[in-house]
Amino acid sequence: MLDYSRYRDLSGEGGEFRFTGGFESITDGHTLWIRSDSLTLPVALHGAETYVLPMQEGQQFEIFDPSEEAPERIRWDRVSSLAEGAKVFVGGALVLRDDRWTFVSTKECPLMVIFYDGPDHSLASRAIRAGRRLNEYWNPITPYALIAGALALLYVAVSFLSRPVFRLTALTAFIAVFLPLFPMIPPGLLFTAIYRKFWWKARTYRAYRDLVRLPLHYLAAGEDSCLLPGGERYGMKHYQALTPDMANIPRIIPGEGRVLKEGWYVFGKLNEGEIFPQEPEDNLATYGAVPGKPDRLAHSFTLRAYTLEILAWLILLFGIALNTFFIGVIIFLL
């Protein structure tokens, strides 16, 4: 974490830091200036991985919305179009450039810049949630792949159409041209809807897995506490049940009845004299309660995600096969 005291003590080749502040301005078309309460730092955007998190409301995100947008990756030269006042997270190498310490992107340490809104302490969980894309079937290459495949199949169909012995080959190629549309027409459309529901649930479980693993990132194997980069004592405490005076502790994931038999694990800053962990000053350190042992929960969520993904693909393929069969029958009858 880069704060004023660490900035003041910088020397030599700098180091790797993270910094959070407000969007102040863009100069020279590629230098972003970020301002915190005590520091204003430049960020060289050339070569940086720059993202914009979707706008969200509220601090707790226990319910996944299927309409949620994925994070948008933007080019560094488009950053100037963002509104001033947005919050910015930057992580990467800090080097001395033109007599000023500047965040830059290097081959060994690519620079990451995230523009977001809302509470700072929700950034990590929101980034994990938003990073689970809705579906990987449609991506930047998909349109070109579909066009190239359709043209290739049309070429095959036209090449064999004039040869009666290869009539089946030509008809099959014609049918395959429209294969990408098969999930969207009845009766396979019903199976596509079920596939989407299963895939969304699998995505939810993957995000839950990532969220319960997040607090363990700081803790060494077998350790219950550690020191955060800012010097805070961070760790977890186990409770058989959450009492009413713990009602303000957020839930990292929604609680599940059968898991609660293991009790709750609460992560946060450990202060002497405090019964419960408190919210850390480090806004990337997870604060909240988990309904069970995090490592076991992560394993359980992984298995559920894999199971649902396999079922989803089998259901989708069955719907495509069903449509293919009916279309084939209709063509041969004609």
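How many bridges join strand 1 to strand 2? In this predicted model, the number is five, and the two strands run antiparallel. Strand 2 covers residues 31-35, and one of the facing pairs puts Thr27 opposite Thr31 of that strand. Strand 1, made up of residues 15-27, also has strand 6 as a partner: eight bridges link it to residues 87-97, again in an antiparallel arrangement. Here Gly21 sits across from Val88 in strand 6.

Further along the chain there is an open sheet of four strands, with the order 9-10-11-12 and antiparallel pairing. Strand 9 (225-227) and strand 12 are the edges, since each of them pairs on one side only. On average, neighbouring strands in this sheet are turned by 20 degrees against each other, ignoring direction. At one end of the order, strand 9 is held to strand 10 (residues 233-239) by three bridges, and these strands run antiparallel. Ser225 faces Gly235 of strand 10.

Next comes a loop residue. Asn283 lies between strand 11 (264-269) and strand 12 (288-290), in the loop that connects them. Is Asn283 buried or exposed? Asn283 counts as buried because its relative accessibility is 17%, which falls under the 20% cut-off. Leaving out neighbours within four places in sequence, Asn283 is in contact with Thr20, Asp120 and His121.

As for the helices, helix 4 spans residues 167-177, and its buried residues are Ala170, Leu171, Ala173, Ile175 and Val177. Among the elements that cover these buried residues are helix 3 (142-161) and helix 6 (294-333).

Definitions and conventions: Residues numbered from 1 in each chain as written. Predicted model: local features only at pLDDT ≥ 70, side-chain atom pairs only at ≥ 80, totals over all residues. Heavy atoms only, no water. Buried < 20%, exposed > 50% of the residue type's maximum accessible area, 1.4 Å probe, protein only. Contact = heavy atoms within 4.5 Å. Pairing = 2+ DSSP bridges. Axes fitted to C-alpha atoms, helices over the stretch in contact; angles between N-to-C directions.
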